[in-house]
Amino acid sequence: MGNRKHESAQTLKESKKNIAFAKLNNYPSSPRKMRLVADIIRGERVNKALYLLRFSKQHASLPLEKLLLSALANWQMKNEGADIEEADLFVKEIYVDSARQLKRLRPAPQGRAHRIRKRSNHVTLILGSKTQEN
């Protein structure tokens, strides 16, 4: 690796130290339903987002709660010895992308068939710290 590439890799690694992320791939739920829950917690503080997800009745809130806890654990691994309350973490970015679709056939009247698309999605959650940005 050249010197310029090595230096840019080091600066990129240093800039990513303050953020932590987690990914959920190929979750078998439609992206539209997952985006409804993701929009609720976007920009919220971590404690409030966990509270919203824990007491939400929507089906997609359980995997997003686990994903948020995973991102918190990733942040703790990067910042050993730092306190979560002092860091003032919030959900910086969360986005839901569509993943693969399973295509199935359902019988229809008069010998025809209708296509059923079983959708899945990818979710990426990025935590940021308000004290680091200001």
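Four salt bridges are found in the structure, which is a predicted model. Three of these pairs can be followed residue by residue, and they make a friendly way into the fold.

Asp 39 pairs with Arg 42, and the closest nitrogen and oxygen atoms of this salt bridge are 2.6 Å apart. How accessible are the two partners? Asp 39 has a relative accessibility of 46% and counts as partly exposed. Arg 42 is partly exposed as well, with a relative accessible area of 39%. A second salt bridge joins the side chains of Lys 48 and Glu 44, with an N to O distance of 3.5 Å. Lys 48 is partly exposed at a relative accessible area of 45%, and Glu 44 is likewise partly exposed, at 21% relative accessibility. Glu 44 therefore falls in the partly exposed class, because only residues under 20% count as buried.

The third pair brings two helices into the picture. The side chains of Glu 65 and Arg 54 meet in a salt bridge, at 2.8 Å from N to O. Glu 65 belongs to helix α4 and Arg 54 to helix α3, so this pair ties together parts that lie eleven residues apart in sequence. Is each partner buried or exposed? Glu 65 is buried, with a relative accessible area of 11%, whereas Arg 54 is partly exposed, with a relative accessible area of 49%.

Helix α4 deserves a further look. This helix covers residues 61–78 and lies across β1, β2 and β3, running at about 145° to β1. Ser 61 is placed in helix α4. Ser 61 is buried, because its relative accessible area of 5% is under the 20% limit. Which residues does Ser 61 touch, leaving aside its neighbours within four places in sequence? The contacts of Ser 61 are Val 37, Leu 53 and Ser 56.

The strands that α4 lies across can be described next. Three strands form an open sheet in the order β1-β3-β2, with antiparallel pairing. The edge strands, each pairing on one side only, are β1 (20–27) and β2 (89–107). From one strand to the next, the twist averages 10°.

How is β1 joined to β3? Six bridges link β1 to strand β3, which covers residues 113–129, and the two strands run antiparallel. Along this pairing, Phe 21 stands opposite Ile 126 in β3, and Tyr 27 has Asn 121 in β3 as its bridge partner.

On the other pairing, 16 bridges join β2 to β3, and these strands also run antiparallel. Here Phe 90 stands opposite Gly 128 in β3, while Val 91 has Leu 127 in β3 as its bridge partner. The strands β2 and β3 form a hairpin with five residues between them. In the turn of this hairpin, Gln 110 has a positive phi of about 60°.

Helices and strands come together in the nonpolar interior. The largest nonpolar core has 27 residues, and those with the most contacts inside it are Leu 64, Leu 68, Ile 94, Val 123, Leu 125 and Leu 127. Which elements give two or more residues to this core? They are β1, α2 (31–41), α3 (46–54), α4, β2 and β3. The largest share, six residues, comes from α4.

Leu 68 is a good place to see these surroundings in detail. Apart from its neighbours within four places in sequence, Leu 68 is in contact with Val 46, Ala 49, Leu 50, Leu 53, Val 91, Leu 125 and Leu 127. Several names return here: Val 91 and Leu 127 are the bridge partners already met in the pairing of β2 with β3, and Leu 53 is one of the contacts of Ser 61. Leu 125 and Leu 127 are also among the residues with the most contacts inside the core.

Terms used. Residues numbered from 1 in each chain as written. Predicted model: local features only at pLDDT ≥ 70, side-chain atom pairs only at ≥ 80, totals over all residues. Heavy atoms only, no water. Pairing = 2+ DSSP bridges. Helix = DSSP H or I, 4+ residues; strand = E, 2+ residues; numbered from the N terminus. Axes fitted to C-alpha atoms, helices over the stretch in contact; angles between N-to-C directions. Contact = heavy atoms within 4.5 Å. Core = buried A, V, L, I, M, F, W, Y, C linked by side-chain atoms within 4.5 Å. Buried < 20%, exposed > 50% of the residue type's maximum accessible area, 1.4 Å probe, protein only.
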